Amino acid sequence: MAFVDLSFSEELERFGVSTTLDCFNCGTCAAICPLIYEHFPRRMVRYAQIGARDRILENGVELWRCLHCGLCTQTCPREADPGELILGLRRYVLHHWRRDGHVPS
Amino acid sequence: MGNEQETKKGVDKEVMKALRAARQETIRRVSAQVKEQKKIIASITGELKKGPRTVPEIADAVGLLPREVLWWIASLKKYGVVLEGEKQGAYFAYRLAE
Amino acid sequence: MEDQRTPLPDVADEPRVGVYICHCGGNISDHVDVEALCEKAEKIPGVAVARRNVFMCSDPGQELIMEDIRSGKVNRVVVASCSPSLHESTFRNALERAGANPYVYEHANIREQVSWVHHGDPATEKALKLISAAAAKARLLTPLEPLRVDARRRATVIGAGIAGLRAAVDLARRGLEVVLLEKTPFAGGRVASLDRLAPTGEAASEAILSLARQVMEHPGISFHSCARVVGFDGYVGNFSLEVEVEPPAPEDAAVLSALKSEGEGGPRFVPSRGAVLGDPPAAQKRFRVDTGVVVLATGFQPYEPRKGEYGYGEMPEVVTLPQFIEALRDADADGSFLTLGGRPIRSVAMIHCVGSRQIPGVHEEDASGHLNEYCSRTCCSATLFAANQVRTRYPGTRVFEFYRDIRAYGRGQEELYQEAAHNRVLFFRFEPEDPPRVERADGPTGTPLVVRVKDTLTFGEEVQVPADLVVLAVGMEPAGIQDLVKMMKLPVGADRFLLEVHPKLRPVELATTGMLLAGTCQAPMDVTEACNAASAAASKASALLAKGCVQLDPFVAEVDWDKCRGTGACVEACLGDGAIERVDVVVDGETVRRAQVVSALCLGCGACVAVCPTGAIQVKGSTLAQFEAMVDAIASDPAA
Amino acid sequence: MGTCQTLSYDALVVGGGIAGLQAALDLADQDYSVVVVERDASIGGTMIRLSKVFPTLDCASCITTPKMAAAAHHDKITLLTYCELETMERDDRGRVRAVVRQKPRYVDEDKCIGCRQCEYHCPVYVPDPDQGNFAARKAICIPFSNAVPQVAVMDPESCMLCGTCAKVCPTGAVVYDQQPRKIVIEALTAVVATGFSVTPLEDKAQYGSGTIPNVITALQMERLLAPHGPYNRVLRPSDGMEPDSIAFVQCAGSRDKSMGIPYCSRICCMYAIKQAMLLSGALPVADIFIYYMDIRAFGKGYEQFFQNARAMGIQFVKAKVALIEPGEDGAVTVRYEDQLNGGTTTASHDLVVLSLGKVPGWNPEGRCALTVGPDGFISGPEPKLAPTRTVEEGIFAAGAAVGLKDIVDSIAEASAAAMHAANYLQSRKKALEAVA
C-alpha cells in the first residue's frame with residue numbers, strides 16, 4: 001500500500017466532511033449497517049482517514065449502496081457521523097469521475 | 001428506650017390498627033401477591049415431591065416460564081426448602097430438602 | 001452499652017482450645033470437606049469446641065470466637081483459614097476485644113497451603129493435620145505482652161521528587177519533624193523535565209514550586225540536597241540513617257551559581273533539573289539521622305531503548321518521548337510547523353509501548369536479561385497530550401501514532417484521545433509480533449524516515465508513513481537504587497519495582513514496619529496518583545507515630561540464664577545485627593558472661609535457638625516444646 | 001420526622017464503601033473521632049457485593065469484611081447506616097454541619113440480635129437486589145450474610161402487617177410504626193466517598209434494553225460467581241442451563257457519546273478479565289470471549305493478569321458489539337465487525353455480560369456546595385497535587401466519587417484524603433485552642 005496522505009482529510013472538507021479523523025475504528029457502523037456488506041462503511045472511513053484516494057475511487061460503487069438509514073450516525077460512539085462521510089465521499093467520487101473520467105471497474 | 005406500651009411479643013394493638021388502616025392499599029396488594037406466591041411454591045414443591053427435576057421440566061409441568069421457576073428454585077434453596085441434586089445434561093436437577 | 005467486662009479468662013486453667021474453620025466463601029470449602037473437618041477437629045485432644053463460618057473474618061465470624069471466649073468455653077484459639085499474613089492480626093484483635101490475651105492464638109493456613117494446592121480427600125486430610133498441629137501448639141501457648149518501644153516523632157523521606165515533596169509537606173503539617181533527602185542538588189525529580197502535565201495542562205514547574213515553597217517555609221522540614229544514604233539500621237520508631245552529602249558536580253554547580261547571581265527569595269526553578277531550595281553542601285560531610293519512619297520516594301527512570309530499537313541510537317531523527325517533550329518545551333511557542341534544531345518537522349511518528357508490555361519470545365531482553373512485562377500507565381496520555389500540543393501549536397506538522405491499545409483510563413484521558421482525533425492525529429494499531437519498522441526513506445517523500453506498519457485498522461494491510469521525527473513513548477523503570485535495596489533489605493517484585501505488603505490491605509507499606517512507599521518507586525503512576533500515594537504513606541506514618549510509641553509483636557528470643565553458659569554461639573549466629581549481646585552478670589558471687597537479647601532488634605528468626613548447646617534460648621511464641629508438640633501431632637495419625 | 005439529635009465528631013465520612021471505610025480507619029487510627037454516614041442498610045459499598053478482586057484474585061469479602069469489622073469495633077468510629085445525607089454545609093465558624101435522615105428500618109437497632117427469625121418466618125418473597133434480583137429475600141431480612149451491622153430491615157412496601165415477624169422476634173425488636181429520624185452532625189472536617197453507580201440496562205436499545213434474559217450486567221455476574229450467590233454456581237438466568245459460551249461486551253455504555261458517557265469507566269476491562277478467569281475455573285469447558293476496543297490493563301500487575309488470561313485461552317476479540325438480539329432457545333446473538341477476517345459477523349452465546357457505564361453515585365447539587373466536572377464527578381482546585389481537595393475548605397473527597405477508580409487506587413486515595421483531613425483538623429484545632 002502506498003503512503004498515507006493526511007492532506008486528503010483536509011481536501012474532503014471541500015466536500016462537506018469535517019469529522020473524518022474523529023472515528024476511532026470501533027466498527028459499530030459496519031456491524032449496525034443493514035447492508036452487512038463486509039466492512040462497509042468503516043472501510044470507506046478508514047480509506048478516507050489514511051488518504052487512500054485510489055481505493056475510494058476504485059470502490060466508489062460501494063458508496064451508492066448506502067440507504068441513508070442513519071443507524072451508523074445514530075450509534076457512532078464518537079459522533080464521527082459516518083453517514084455524512086459517505087455522502088461527502090460520493091460528492092468527491094462524482095467530482096473525480098467527471099473530472100478524470102474515472103470509471104469504476 | 002423502655003417503651004412501656006410495648007409488650008414482649010409485638011406492638012400495641014391500637015398502633016397496628018391505625019397502621020393497617022393507613023396502609024390498606026399495600027396490604028391488599030401484598031396479600032394477593034403472597035397468595036399467588038404460595039400457590040407457585042406449592043406447585044413447584046408438589047412437582048418436586050415426585051422426584052428430582054430440572055428447571056425446564058418443572059416449568060413444563062407447572063406452566064411457568066423457566067426463568068420464573070429458576071428464580072423460585074434459587075429462592076427456595078436459599079431458605080432451605082430445596083436442594084441441588086445431580087446434573088442432567090446441561091441442567092441441574094433439584095430436590096426437596098428432608 | 002454498659003461496661004460489663006468479663007474477667008480475663010485464667011489461662012493457667014486447663015487449656016480449652018477453640019478451633020474455628022473458615023469456608024472462605026468457597027475458596028476452602030470447595031476442596032476441603034469443612035463439615036467433616038469440623039467434626040474431627042472437635043475430637044482433637046484439648047479442643048473444647050470446633051465451629052465453622054462462611055467468612056470467619058467477617059463480623060459474625062469473629063463474634064463466634066469472641067462469644068466462646070467471653071463465656072469461658074475456650075481459652076486458646078486456633079483459626080484455620082487463609083494465610084496468616086492476611087488475617088492473623090484480624091483474629092488477634094478479636095481475642096483482645098473479647099478480653100483475652102491476643103497471643104494465645106495460633107493460625108492454621110488451610111487455603112494457600114491446602115485448598116489452593118490439593119483437592120478431594122487429601123486436602124481434607126492435610127487440613128486436619130495442620131489443625132491438629134496448631135491445636136497442639138495452642139495448648140502450650142502462654143499469654144505474652146507486646147513490646148512497646150518509644151518512637152521518634154520524626155520521619156525521613158528519601159527522594160524529593162513530586163511524591164517525596166508531597167509526603168514531606170503532609171508529614172510536617174501533621175506536626176512531625178521531617179528530614180527530606182535528595183541525591184541531586186534539585187527538588188522535583190522527573191516532573192522537572194516535563195512542560196505541562198497531562199491531561200489538564202498545569203505547568204510542571206508550578207506544581208514543583210508550589211510544594212517546594214511549602215517545604216522551604218515549613219520550619220519542621222530540613223532538606224538536604226546532594227545527599228545519599230550510606231548506612232541504615234534500627235527498627236520502627238528508631239531507625240538510624242547514615243547520610244553523606246557532598247558538593248554538587250561541576251556542571252550542576254555552574255547552574256547553581258548562575259542562579260545565585262539572580263538574587264535571593266523563594267525556591268527557583270531550573271527547567272529539566274528542578275527547584276533549588278537553599279544552598280547545596282559546600283563540603284563533603286557525614287551525619288546521622290534518627291527517625292521513626294522512612295518513606296521511600298525514589299522514583300523512576302525512563303526506559304532507555306536498545307541501540308537499534310526502532311532506529312534509536314542509529315538515526316538521529318529517532319528520540320524518546322521525554323527528549324521530545326523537552327525539545328517541544330524549548331521550541332518556538334508556535335508557527336506553521338515545528339522546527340527543531342533548525343530542521344523543519346512536518347511529520348512526527350509516535351510509537352507507543354516502547355520498553356513496556358514486553359512479551360517473552362517477542363521482545364528482546366535487556367542486558368541483565370529482564371523484560372518489562374508491565375504497562376507503564378502514563379505514556380499513552382503523555383503521548384496524546386504531546387500530540388495535541390504539536391497539532392495546536394504547529395498546524396502544519398502532522399502527527400501519527402502507532403499503538404497496541406490506547407490506555408486513556410483516567411479522568412480526562414479519554415477526552416484527550418478524542419481531542420487528538422479531532423486535532424487530526426492519525427492512529428495505527430499494530431500487533432506486538434508485527435511492530436512498526438523505522439527505515440531510512442529512499443523514495444520521494446521528502447522526509448528522512450519512513451515508518452511501515454501492518455495496520456490492523458486497515459484490515460492488516462501494510463501502510464507507510466513519512467516521518468521527519470520518530471518519537472518513542474518509552475516506559476518507566478524503577479530508579480537505580482540497588483544500593484538502598486541491599487542496605488535496607490527492601491522487597492522487590494518481579495517487575496523490579498518495590499513491593500508493597502498487599503495491594504489492598506497495606507498498599508503503601510513494606511514488610512518492615514515503619515518503611516513506607518510513595519510514588520513511582522512502587523509502580524508507574526502519574527502525578528495525581530503519586531501525590532495520593534505519598535499522602536497515603538504520610539497518613540500511615542502519622543498513625544504509627546501519633547502516640548509516640550509503637551507496639552511490636554513479642555515474638556523475640558529470650559535467654560534462660562540458668563541454662564546459659566555464655567558460649568556466644570548465639571551471638572555468632574544472630575542475623576539481627578546486634579540483637580544479642582553478651583553481658584557480665586554476677587551469679588552466686590561470681591561474674592559470668594551471659595547472652596542477652598535486645599528485643600526491639602530481634603528478628604525472631606530462631607537462628608540462635610538452633611546453635612545454643614544448652615537449649616537456653618527460645619523464641620517466644622515458637623518454643624521448641626511447642627514445635628515438638630506440632631510435629632508429634634502431625635506424625636501421629638489424626639484419624640486414629 | 002421524629003426527634004432531632006445533634007452529634008459532634010472531629011470528622012464526618014459520607015459513604016461507607018471501601019474508600020469511606022479506609023478514610024475513617026486512617027483518621028480514627030490517628031485518634032480522631034469519626035462518624036460514617038451510609039445510605040445502605042450495611043456498610044461495605046460495591047466491594048462487599050463482589051466475588052473476587054483483580055489482580056490478586058483475593059475474595060472481595062476477605063479484604064472487605066475485616067475492614068468493615070475494624071470500623072464497626074473501632075472506639076473512635078460511629079457508624080450510621082440507612083442514612084441519607086440531606087444537606088452538608090459549612091457554618092459561620094467554618095464547621096461542617098450535616099443534616100442526615102435516618103430511614104426507618106422498622107426494627108430497633110439496639111434490640112435486634114441478627115438471629116434472622118423474622119426473615120425465616122416472613123411469608124413475603126421479594127427480589128433481592130443484592131443477589132442481582134436472581135433470587136428472593138423476604139420483606140424483612142438481614143441485607144446479606146456478612147452485612148454490618150447485623151440488623152434486620154423491613155420494606156414497608158412489601159409488608160402486609162401480618163405481625164409474624166413481631167411474634168417470632170425473641171427480643172421484641174420489630175417496630176412497625178418506626179419513624180424516620182433527623183440527625184444533625186457537626187464536624188470539623190468531612191470526607192465524601194460516595195462511590196459510583198451503574199447505568200441501567202434499559203438505556204441501550206441496541207443491547208435489548210434489558211429485555212433479553214441472558215444479557216446481564218457485570219455486577220450480576222459478580223453475584224453468579226460469588227460464593228453465596230443466588231445459584232451457588234454460574235447458570236444462565238433464563239432456564240438454569242450451565243452456559244457453554246459466555247461473552248463480555250466492553251464499553252457497553254462508556255466511551256460512547258451516543259449514550260452520553262464519553263469517558264472511559266476505567267475498571268471494566270480488568271473486571272471482565274477477572275470474571276473471565278473465574279468463569280474458566282468454574283466452567284472449564286466453556287468458551288469465553290471478550291469483545292473490546294482497547295484493553296486498559298494499566299495498574300500494577302494488570303498487564304501480566306491480562307496476558308495470563310490470554311494464555312488461559314480466553315478469546316479477546318477487537319470489536320465493539322453493535323447489536324445484541326435474542327436467539328433460539330435462550331441463546332444471545334451479538335453482531336460486530338470482525339476487523340481482520342471478512343467484516344460484519346454474528347456470534348451466538350449462552351450468556352452475555354455487559355460492561356455498562358459507570359456514573360457518580362451521588363450528586364451534590366442542592367445538597368452542598370461541592371462542584372462537579374463535566375463528567376458529573378466531584379472536582380477540586382488541585383487535581384494534581386491534592387486530588388482529594390474540594391472547593392469547600394475542610395471538605396475532602398476520595399474514591400470513585402472523584403472520578404472512577406479501582407479498589408487499589410480508591411484505597412490509596414482514601415488514605416490520602418484522610419491525611420489532608422487530619423492536617424486540616426490539626427490546624428483547626430490549633431486555631432480553636434488559640435481562640436480559647
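## Salt bridges

Over all chains of this predicted model, the count comes to 76 salt bridges. Several of them are worth following residue by residue.

In chain C, Glu462(C) and Arg437(C) pair through their side chains, with N to O at 3.4 Å. Glu462(C) belongs to strand E26 (residues 461-467) and Arg437(C) to strand E24 (residues 437-440), so the bridge ties together parts that are 25 residues apart in sequence. Glu462(C) is partly exposed, at 30% relative accessibility. Arg437(C) is also partly exposed, at 38%. A second bridge in chain C joins Arg593(C) to Asp584(C), N to O at 3.1 Å. Here Arg593(C) is partly exposed at 41% relative accessibility. Asp584(C) has a relative accessible area of 52% and therefore counts as exposed, the cut-off being over 50%.

## A buried pair and a network

Chain D holds a bridge between Glu222(D) and Lys274(D), whose closest N and O atoms are 2.5 Å apart. The pair links distant parts of the chain. Glu222(D) sits in helix H5 (residues 218-225) of chain D, Lys274(D) in helix H6 (residues 268-282) of chain D, and 52 residues separate them. Glu222(D) is at 2% relative accessibility, so it counts as buried. Lys274(D) is buried too, at 2%.

Shared partners join other salt bridges into one network. Its members are Lys78(B), Asp40(D), Arg49(D), Asp128(D), Asp130(D) and Arg137(D). The network thus holds residues of chain B and chain D.

## Chain contacts

There are 4 pairs of chains in contact. Chains C and D share the most contacts among them. One residue of chain C that touches chain D is Ser210(C), which meets Glu382(D) and Leu385(D). Ser210(C) lies in helix H7 (residues 204-217) of chain C. Its relative accessible area is 18%, under the 20% limit, so Ser210(C) counts as buried.

Other pairs stay apart. No contact joins chain A and chain B, and their closest C-alpha atoms lie 30 Å apart. Chain B and chain C do not touch either, with nearest C-alpha atoms 12 Å apart.

## Chain C overall

Chain C has 640 residues, and buried residues make up 57% of them. The chain contains 16 helices and 34 strands. Its C-alpha trace spans about 90 × 60 × 55 Å along the principal axes. Contacts often reach across the sequence: of those between residues at least 6 apart, 70% join residues at least 24 apart.

The exposed area of chain C is about 25800 Å², with carbon and sulfur atoms supplying 50% of it. The chain carries 66 positive and 85 negative charges. The mean positions of the two sets are 2 Å apart.

## A negative patch on chain C

Where do negative charges form a surface patch? The patch is made by Asp33(C), Glu35(C), Glu39(C), Glu42(C), Asp121(C) and Glu125(C). Helix H1 (34-41) and helix H5 (121-139) of chain C each give two or more residues to the patch. Asp121(C) is found in helix H5. At a relative accessible area of 57%, Asp121(C) is exposed.

## Backbone exceptions

Most residues other than glycine have a negative phi, and most peptide bonds are trans. Some sites in this model depart from that pattern.

Two cis peptide bonds lead into proline. One runs from Ala198(C) to Pro199(C), with omega near -5°. Pro199(C) is in the loop between strand E8 (196-197) and strand E9 (202-203) of chain C. Another joins Phe54(D) and Pro55(D), with omega about -10°. Pro55(D) is in the loop between strand E3 (52-53) and strand E4 (58-59) of chain D.

Glu79(A) is not a glycine, yet its phi is positive, about 50°. Glu79(A) occupies the loop between helix H6 (71-75) and helix H7 (82-100) of chain A, and counts as partly exposed at 47% relative accessibility. Cys226(C), also not a glycine, has a positive phi of about 50°. Cys226(C) is placed in the loop between strand E10 (221-224) and strand E11 (227-235) of chain C. Buried or exposed, what is Cys226(C)? At 6% relative accessibility, Cys226(C) is buried.

Terms used:
Residues numbered from 1 in each chain as written. Chains lettered and ligands numbered in written order. Predicted model: local features only at pLDDT ≥ 70, side-chain atom pairs only at ≥ 80, totals over all residues. Heavy atoms only, no water. Patch = residues over 30% accessible without salt bridge, like charges linked within 9 Å, V, L, I, M, F, W, Y side chains within 5 Å. Areas by Shrake-Rupley, 256 points an atom, 1.4 Å probe, with all protein chains shown as cover. Salt bridge = Lys/Arg side-chain N within 4 Å of Asp/Glu carboxyl O. Lys, Arg positive; Asp, Glu negative; His and termini not counted. Charge placed at Lys NZ, Arg CZ, Asp CG, Glu CD. Helix = DSSP H or I, 4+ residues; strand = E, 2+ residues; numbered from the N terminus. Buried < 20%, exposed > 50% of the residue type's maximum accessible area, 1.4 Å probe, protein only. Contact = heavy atoms within 4.5 Å. Lists of a residue's contacts leave out its neighbours within four places in sequence.
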